[in-house]
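User: I've got a model open on my screen and want to talk it through. Can you help me read it?

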Amino acid sequence: MGKKLRDADTLVAEEAPSSDTKRKKNKKDKKNKLQTDATSNGELAHKKRKLDGEEYKEKPTNELANGGGGAEDELTKEKKLSVVVSGKDVEEKRYAAMVKFGDAKLPDEVLECCKTFTEPSPIQSRAWPFLLDGRDFIGIAATGSGKTLAFGIPAIMHVLGKRKGKFSKKRNPLCLVMSPTRELAQQIFDVISDAGRPCNVSSVCLYGGTKKGPQIADLKAGVDFVIGTPGRLKDLMDMGVCSLSEVSFVVLDEADRMLDMGFEQEVRAILSKTSSVRQMVMFSATWPLAVHQLAQEFMDPNPVKVVVGSEDLAANHDVMQIVEVIEDRARDQRLTALLEKYHTSQKNRVLVFVLYKKEAARVENMLQKRGWKAVSIHGDKSQEARTKALSLFKEGTCPLMIATDVAARGLDIPDVEVVINYSFPLTTEDYVHRIGRTGRAGKKGVAHTFFMQENKGLAGELVNVLREAKQVVPESLLKFGTHVKKKESKLYGAHFKEISADAPKAKKITFGDSDDES
């Protein structure tokens with residue numbers, strides 16, 4: 001408690017080297033400029049570099065990530081990702097990133113679940129060496145990057161080391177995984193259960209919206225992993241049926257989303273009931289101040305931090321983004337026209353996002369009346385109905401699904417070819433996460449978005465996202481204005497940069513009888 005986070009050393013392994021030396025220089029100059037801008041951008045940037053009265057120096061090197069060898073660089077080259085590894089004594093110990101699963105030298109039964117993969121994902125290759133060494137760990141990586149096995153396999157090894165082959169029937173859990181949503185908790189449970197089965201490692205999934213009886217029975221029978229959402233976890237702990245006193249391996253998955261959803265109080269209460277001697281792991285798509293503060297309080301003073309890609313929120317470049325400015329009354333007809341274009345076979349997976357629960361039900365009914373086979377998941381549906389709908393979508397039995405933002409983060413839905421944003425979300429961050437449901441695991445995807453006048457306040461941020469991903473920016477979107485106020489959001493920090501000075505100026509326009517811009 002009350003510990004301080006201190007990044008002592010930093011490694012930057014850039015994307016694949018180019019023979020074009022001029023491009024290298026430009027890239028380096030741009031990076032230096034961004035670092036200078038960040039440093040001069042006020043108190044928050046200063047705090048990031050000066051914690052607990054000490055400043056750390058960034059030490060770029062290409063040897064740290066691969067332990068001095070060159071083979072590991074192929075992972076970064078192929079995926080064109082930048083990787084930053086930081087943490088005290090990381091450089092001295094020269095942790096070698098994993099090129100193939102066999103490098104970890106784990107028992108065959110533990111690696112059984114990895115046989116279907118040709119090689120570790122970038123986050124897995126960096127996380128395993130540190131986690132298997134017992135280090136506290138912060139992982140910043142996009143959804144769909146293999147995070148569950150990145151922490152799951154080291155957690156299973158933690159259990160096997162603690163149990164030492166002795167598995168009593170009635171045993172308290174040793175590992176805890178918290179997630180923000182029921183669907184993500186169930187997904188993690190499925191992966192951990194499959195991975196742990198050959199090793200006799202058992203799990204239970206705890207979430208609301210369903211009866212407590214079966215969950216309590218599983219807890220009483222004895223488990224090694226508890227995976228759940230903060231609300232239900234806290235309820236069962238208060239009832240005295242879920243003891244976490246022996247938990248010595250804790251994972252917070254989608255930590256930024258967990259705090260965004262208002263679970264900070266429950267998360268803190270739950271963590272305080274785990275073993276005082278524990279290994280802490282936090283995975284997050286972004287690194288806002290609130291998550292940083294949580295790490296300071298509950299993690300070792302010098303955790304390892306691995307950033308795959310960027311801490312700033314950016315859209316997946318494998319997704320083609322199409323933004324269409326449209327009037328509300330035209331959306332239904334346009335949606336059906338797009339389905340006729342993208343979903344002609346009615347066999348490929350298409351995910352339609354809406355904003356509200358009632359809107360989800362209305363769009364689902366509208367499509368069904370027009371002959372489309374569709375399912376939906378939203379908060380007004382029972383957990384059983386949500387699970388069934390998600391299962392039908394994943395299996396391909398009903399590959400057209402309407403969803404609220406409950407499905408926008410973390411869910412690994414395979415082979416979603418198209419995302420359609422029927423309603424633009426409340427934040428640009430949610431937009432990025434929505435379209436991240438497609439273009440996963442190196443595949444290409446399409447995101448088609450409806451943008452209306454009521455969304456005009458987010459036009460500038462959306463333009464930035466499109467430009468960063470080198471996507472077409474429609475003239476109709478620019479008419480809403482392109483100014484973006486720099487924001488130091490409590491939850492997300494400052495993600496989007498100002499649009500350049502040569503961008504078109506905001507222009508006040510009127511749409512029919514609509515209200516004037518404020």
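User: Before I get to details, how many disulfides does a search of the whole structure find?

Analyst: Quick background: this is a predicted model, where local features need pLDDT of at least 70, side-chain atom pairs count only at pLDDT 80 or more, and totals for chains, interfaces and linings use all residues. Residues are numbered from 1 along each chain as its sequence is written, and side-chain values use heavy atoms, with hydrogens and water left out. A disulfide here is a pair of cysteine sulfur atoms within 2.5 Å. Searching the whole structure on that basis, the number of disulfides is zero.

User: How far from C114 is the nearest cysteine sulfur?

Analyst: That sulfur belongs to C113, and C114 is in no disulfide. The cut-off is 2.5 Å, while the distance from C114 to the C113 sulfur is 3.9 Å.

User: Is C114 buried or exposed?

Analyst: Buried means under 20% relative accessible area, exposed over 50%, and partly exposed in between (1.4 Å probe, protein chains only). C114 has 3% relative accessibility, so it counts as buried. C175, at 1%, also counts as buried.

User: Which helix gives the most to the largest nonpolar core?

Analyst: A nonpolar core is a set of buried Ala, Val, Leu, Ile, Met, Phe, Trp, Tyr and Cys residues joined through side-chain atoms within 4.5 Å. The largest one has 46 residues, and W128, F137, F151, F225 and V306 have the most contacts inside it. Helices are DSSP runs of H or I with at least four residues, strands are runs of E with at least two, and both are numbered from the N terminus. With seven residues, the top contributor to this core is helix 7 (residues 147–163).

User: How many residues are in the second, separate core?

Analyst: This core includes M178, V223, M258 and W287. In general, nonpolar side chains tend to be buried together in soluble globular proteins. The count for the second core is 35 residues.

User: How many residues apart in sequence are the parts tied together by K147 and E254?

Analyst: A salt bridge is a side-chain nitrogen of Lys or Arg within 4 Å of a carboxyl oxygen of Asp or Glu, and K147 and E254 meet in one at 3.8 Å, N to O. Both residues are buried. K147 lies in helix 7 and E254 in the loop between strand 9 (249–252) and helix 11 (255–260), so the pair ties together parts whose separation in sequence is 107 residues.

User: Which residue forms a salt bridge with K444?

Analyst: K444 is exposed, with a relative accessible area of 63%. Its closest N and O contact with the partner is 3.0 Å, and that partner is D318.

User: What span should helix 14 have?

Analyst: The expected span is 1.5 Å times one less than the number of residues. Helix 14 (residues 331–342) has twelve residues, and its end C-alpha atoms are 16 Å apart, which agrees with the expected 16 Å.

User: Within what arc do the buried residues of helix 14 fall?

Analyst: The buried residues are R331, D332, L335, T336, L338, L339 and Y342, whereas Q333, E340 and K341 on the other side are exposed. The arc is that of the directions from the helix axis to the C-beta atoms. Seen down the axis of helix 14, the buried residues line one face because they fall within an arc of 160°.
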